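Trainee: I'm new to this structure and would like a close look at one part of it. Could you pick a pair of packed helices and walk me through what surrounds them?

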Amino acid sequence: MTGLDELDRESAQPGAGQGTADPVKALLHRHRELCERAVDPLEIAAGLEAHGVTDRTAARFKHRDVFSLAEELYARIPRDGDAPRPSAATTAPGPRAGWIVLTLLPGILGLASVAALRLTHGQSRGYAVAAGALAIALAMRAALRRGRPLGTTPATPIPPTTGTAAWTCWLIGYALLGDGLLHTAITGGPDGPPTGGPGGDWALAIAPALALTLAFAPGAWSARLFTVRARRKVAASRGLEDFADSVRPLLFGTFALFLCALAALFTLCATALDEPFTHHEVLALGALLFLARILTLHGYTHAPKVILAAAALAQAAALATVFAARLPGCGALAVPVETLVTVWDPGGITTLICGGAALTLLIHAARTLTRASAHAQPEAPPQGDSA
């Protein structure tokens, strides 16, 4: 509230804003750079909200809401006779063919990796798994960095999100290897490397990992749908509360749409590969990754980074307690994990950890992504920037 109080004191001073008592002119002087850079009043409204200006604050400037105040600020900035550019909220470009192919590439490589895993044996199977994992990781990296795949401006590259890639790889890797390792660790193993099927000492859970790679495309499309529709609602709204009330159902609907697509894909994968139907585990992990990505795309990077790290560390801790319990006098360490696995199944660990983390991010998203400032059109980078 410090910046807002300073704003009120400045606008109340008779000499504020280059010697004028006009409070709107004082506000314009304070946010002149924002107003000059804006392509339409909607961008000014989003910027004002990001600086703590609310509808109640707008009433002190004799305006009914922030949107009305932004329209006056936009009108007061001289444009040198240039016609204003079209609103980014209503003219978002359509998806490009290259971006669509990139979103499909992880799933295609996932199918190819599963086929190679089924057709190989012995040492060559290990090479197939390693090559497939590397190819999928590179495809996801390319899709997430080039062309703003979950956003609305295909030409804009996304800055690297330091700190989240490693945790994401761990979570997906645990979906492939973790349940089998946890189960065999509780029973005294493992006595050998993981196998490529549900049988054996340490089984690979291929269906969850394959479903997540296939769900990359619907996740990207769902997030883009939310972003485009939300920016259109900015143009149709007449107040911040009105905008939040209209975007919140859109956020939940988009989230549910992705979960339905993921559930359908996992059902197909589990049926084709003859693996257990652990929907609870896959949906919890998919929800966590989807919410972390959509928040990151809108500029909220801290919460996803912290929550993903916490979830990955919690999974690692669960495994560590089982192995640490083999030390003399440390048997009690594994009791909580063993009890949960006995009552439920090894996937219960991921369900509880990722489900709780996803719920935390969903609450955070419902508070942040319903702000107009979360949907301000990003500026295009310089032409020399690399993707």
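Mentor: Let's start with the whole chain, then go to one helix pair and its surroundings.

Keep in mind that this is a predicted model. The chain has 387 residues, of which 48% count as buried. Its secondary structure comes to 17 helices and zero strands, so helix packing is a good place to look, going by that count. Take the contacts between residues at least 6 apart in sequence: 73% of them join residues at least 24 apart.

Now to the pair itself. Two packed helices are described by the angle between their axes and the distance between the axes. For helix 10 (residues 165–186) and helix 15 (residues 302–324), the angle is about 20° and the axes are 10 Å apart. Angles under 35 degrees count as roughly parallel, and therefore helix 10 and helix 15 are roughly parallel to each other. Their crossing is left-handed.

Which residues of helix 10 and helix 15 meet? On the helix 10 side you'll find, among others, Trp 167, Trp 170, Leu 171, Tyr 174, Gly 178, Leu 181 and Leu 182. Helix 15 brings residues including Lys 305, Leu 308, Ala 312, Gln 315, Leu 319, Val 322 and Phe 323. Sorted by kind, the residues of this contact are 17 nonpolar, three polar and one charged.

Two of those names come back when you turn to the nonpolar core. Leu 171 and Leu 182, which belong to the helix 10 side of the contact, are among the five residues that touch the most other members of the largest nonpolar core. That core has 64 residues, and the other three of the five are Leu 288, Leu 361 and Leu 369. As a rule, nonpolar side chains in soluble globular proteins tend to be buried together. Leu 369 shows what such a residue touches: beyond its neighbours within four places in sequence, its contacts include Phe 226, Val 247, Leu 251, Ile 294 and Tyr 300. Another core lies apart from the largest one, with 18 residues, including Val 24, Leu 28, Ala 45 and Ala 58.

Next, follow the chain on from helix 15. Ala 334 sits in the loop between helix 15 and helix 16. Is Ala 334 buried or exposed? Ala 334 has a relative accessible area of 0%, so it is buried. Leaving out residues up to four places away in sequence, Ala 334 touches Thr 321, Val 322 and Ala 325. Its C-alpha atom is 8.0 Å from that of Phe 323, eleven residues away along the chain.

A little further along comes Glu 338, in helix 16 (residues 335–343). Glu 338 counts as partly exposed because its relative accessibility is 32%. Glu 338 is 16 residues from Val 322 in sequence, and their C-alpha atoms are 8.0 Å apart. Val 322, you may recall, is one of the helix 15 residues that meet helix 10.

For a second pair to set beside this one, look at helix 14 (residues 279–297) and helix 17 (residues 347–368), with an angle of about 30° and axes 8 Å apart. That makes helix 14 roughly parallel to helix 17. This crossing is left-handed too, and the contact is made up of 13 nonpolar, eight polar and one charged residue.

Notes: Residues are numbered from 1 along each chain as its sequence is written. This is a predicted model: local features need pLDDT of at least 70, side-chain atom pairs count only at pLDDT 80 or more; totals for chains, interfaces and linings use all residues. Side-chain values use heavy atoms; hydrogens and water are left out. Axes are lines fitted to C-alpha atoms, for helices over the stretch in contact, and angles run from 0 to 180 degrees between N-to-C directions. Helices (H or I, at least four residues) and strands (E, at least two) are DSSP runs, numbered from the N terminus. Angles under 35 degrees count as roughly parallel, over 145 as roughly antiparallel, 65 to 115 as roughly perpendicular and the rest as oblique. A crossing is left-handed if the near helix is turned anticlockwise from the far one by less than a right angle, and right-handed if clockwise. Ala, Val, Leu, Ile, Met, Phe, Trp, Tyr, Cys and Pro count as nonpolar, Asp, Glu, Lys and Arg as charged, and the others, Gly among them, as polar. A nonpolar core is a set of buried Ala, Val, Leu, Ile, Met, Phe, Trp, Tyr and Cys residues joined through side-chain atoms within 4.5 Å. Buried means under 20% relative accessible area, exposed over 50%, partly exposed in between (1.4 Å probe, protein chains only). Contact means heavy atoms within 4.5 Å.
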